[in-house]
Amino acid sequence: MKFSEITGLLEKQAIEVPSWAYGNSGTRFKVFGSPGTPRSVEEKIADAAQVNKFTGLAPSVALHIPWDMVDDFGALRRYAEDQGVKLGTINSNTFQDDVYKLGSLTHTDPAVRRKAIDHHFQCIEIMNATGSRDLKIWLADGTNYPGQGDIRSRQEWLAEGLAEIYARLSGDQRLVLEYKFFEPAFYHTDVCDWGTSYTHCAALGERAMVCLDTGHHAPGTNIEFIVAQLLRLGKLGSFDFNSRFYADDDLIVGAADPYQLYRILVEVVRGGGYGNPDVAFMLDQCHNIEKKIPGQIRSVLNVQEATAKALLLDREALTAAQEAGDVLGANTIFMDAYYTDVRADLAEWRESRGLPGDPMAAYLASGYQERIEAERVGGTQLSWGS
Ligand code: PSV
Ligand code: MN
């Protein structure tokens with residue numbers, strides 16, 4: 001494939017950015033403040049809009065409730081649209097109230113389960129106001145010690161709670177269920193893997209889909225295999241892109257292992273998940289030490305580059321080599337696309353669309369960073385969790 005043959009497909013790329021990427025974040029050791037960090041949801045959205053302005057790749061922003069709680073979501077929606085972006089996925093949060101210490105939808109106490117379900121109802125009301133399609137559920141539920149909880153009952157409670165939440169959706173709204181193999185629980189996690197998420201989504205119905213966070217697997221997991229399988233089953237609803245060296249590091253996507261990102265995107269393209277509105281591309285990242293807007297710009301560009309390489313893969317030649325049993329020939333074709341340097345072609349193509357060829361340089365030269373650092377004085381900087 002030549003680059004000129006894939007530009008039509010590249011035009012379709014849209015990557016949702018997370019509101020929490022613009023706030024301060026860190027580890028349990030330290031959350032560093034940084035000049036210019038937003039003090040309000042509006043300032044987060046204004047920053048997110050910069051990413052779209054310079055890359056043309058990030059037309060929507062995911063919100064996290066209650067971190068991004070406002071009185072008037074209709075007004076927030078209009079504010080976002082004035083900035084040139086839309087409000088996207090609504091992320092629920094049942095992991096920061098004391099009452100959820102031993103679980104939320106899987107808690108033994110029906111009153112706690114009710115509270116967790118009601119929180120999701122509130123999220124759906126917010127979706128009605130923001131025009132969001134997806135409710136993303138990630139549960140911190142799990143146990144730390146064998147015997148601490150009844151794993152089996154917890155699955156039943158989870159299924160019941162999800163069914164109530166699912167029944168509240170209307171129109172084209174969807175429930176996307178994210179899995180994670182550990183943390184904060186260390187012995188067992190109630191939605192620990194794609195199979196568990198898939199099982200619940202399959203029972204719920206066609207508007208329930210799996211969310212694959214690329215940082216939520218054990219080291220060495222073949223994530224692209226999971227992508228292929230979920231696409232085959234019609235249940236890959238969304239990605240939370242980020243990268244990891246050790247745990248749920250939430251680093252810039254493609255930073256730890258750009259080859260893995262390419263392999264994932266090859267399966268996305270192969271399985272019909274690219275340019276397919278059913279498969280949402282999102283980032284789920286935190287920028288603990290780097291500047292946040294440049295961190296997000298780098299991220300969406302990394303996804304774009306890996307996508308271009310995946311689209312360039314000579315699928316016909318690959319299939320022929322596979323069918324001929326040509327092991328190394330097939331691998332060479334696969335690697336050729338990965339090793340293609342697409343940066344100059346992408347820069348030229350961006351310019352042809354009225355975008356800066358080098359979005360990062362254009363952002364750094366725009367003066368926006370200096371302006372927010374000078375102007376955003378006083379107030380309370382927002383952090384992960386607020
Ligand atoms: C959990 O680790 C997670 O990946 C979920 O997507 C949350 O919503 C997000 O991180 C919060 O940072
Ligand atoms: Mn995630």
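# Reading bridges, metal site and cysteines

Tutor: The side chains of D47 and R376 meet in a salt bridge, with 2.9 Å from N to O. Side chains of opposite charge can pair when their charged atoms come close, and the rule here asks for a side-chain nitrogen of Lys or Arg within 4 Å of a carboxyl oxygen of Asp or Glu. The model is predicted, so local features need pLDDT of at least 70 and side-chain atom pairs count only at pLDDT 80 or more, whereas totals for chains, interfaces and linings use all residues. Residues are numbered from 1 along each chain as its sequence is written, chains are lettered from A and ligands numbered from 1 in the order in which they are written, and side-chain values use heavy atoms, with hydrogens and water left out.

Student: Which parts of the chain does the pair D47 and R376 link?

Tutor: Secondary structure is read from DSSP runs (helices are H or I with at least four residues, strands are E with at least two, numbered from the N terminus). On that reading D47 belongs to helix α2 (residues 41-55), while R376 lies in the segment after α14 (368-375), and 329 residues separate the two.

Student: Are D47 and R376 buried or exposed?

Tutor: Both D47 and R376 are buried, where buried means under 20% relative accessible area, exposed over 50% and partly exposed in between, with a 1.4 Å probe and protein chains only. These two residues also belong to a network of salt bridges that links R39, E43, D47 and R376.

Student: How many salt bridges does the count come to?

Tutor: By this rule the count comes to 19. Among them is the bridge between the side chains of R114 and E164, at 2.8 Å from N to O. Because R114 lies in helix α4 (residues 110-130) and E164 in helix α5 (residues 151-168), this pair ties together parts that are 50 residues apart in sequence. R114 is partly exposed at 33% relative accessible area, and E164 is partly exposed at 33% relative accessibility. Another bridge joins R263 to E224, whose closest N and O atoms are 2.6 Å apart. There R263 sits in helix α8 (residues 258-270) and E224 in helix α7 (residues 223-232), 39 residues away in the chain, and R263 and E224 are both buried.

Student: Which residues coordinate the manganese ion (ligand 2)?

Tutor: A donor is an N, O or S atom within 2.8 Å of the metal (3.2 Å for Na, K and Ca), and as water is not among the atoms, sites may look incomplete. For this ion the coordinating residues are E178 (OE), D213 (OD), D240 (OD) and D284 (OD), at 2.1 to 2.2 Å. Along the sequence these donor residues follow the spacing E-x34-D-x26-D-x43-D. D213, in strand β8 (residues 208-213), and D284, in the loop between β10 (280-283) and α9 (292-312), are 71 residues apart and so link distant parts of the chain. D213 is buried with a relative accessible area of 0%, and D284 is buried with 10%.

Student: Why is the arrangement of the 6 donor atoms around the manganese ion (ligand 2) octahedral?

Tutor: The 6 donor atoms subtend angles of 71 to 163 degrees, which makes the arrangement octahedral; six donors earn that label if opposite donors are over 155 degrees apart and all others between 65 and 115.

Student: Of the 14 residues around ligand 1, which come nearest?

Tutor: Nearness needs a heavy atom within 4 Å of the molecule, and of the 14 residues around ligand 1, E178, K180, D248, D284 and W384 come nearest. A polar side-chain atom of E178 lies 2.7 Å from an oxygen atom of ligand 1, D213 offers a side-chain N or O atom at 3.1 Å from an oxygen atom of this ligand, and for D240 the corresponding distance is 3.2 Å.

Student: Where does H216 lie?

Tutor: H216 is in the loop between β8 and α7 and is buried, with a relative accessible area of 3%. A polar contact is a pair of N or O atoms within 3.5 Å (within protein, one must be able to donate a hydrogen and the other to accept it, and residues adjacent in sequence count only if both atoms are side-chain atoms). Such a contact, of 3.3 Å, joins the side chains of H216 and D248, and a polar atom of the H216 side chain is 2.8 Å from the backbone oxygen of Y179.

Student: How many disulfides does the count come to?

Tutor: A disulfide is a covalent bond between the sulfur atoms of two cysteines; with a cut-off of 2.5 Å between the sulfur atoms, the count is 0. The sulfur of C123 is too far for a bond, because the closest cysteine sulfur, in C211, is 15 Å away. C211 is in no disulfide either, its nearest cysteine sulfur being that of C201 at 9.9 Å. C123 is buried at 0% relative accessibility, and C211 is buried at 0%.

Definitions and conventions
Tetrahedral: all angles 85-135°; square planar, octahedral: opposite > 155°, others 65-115°.
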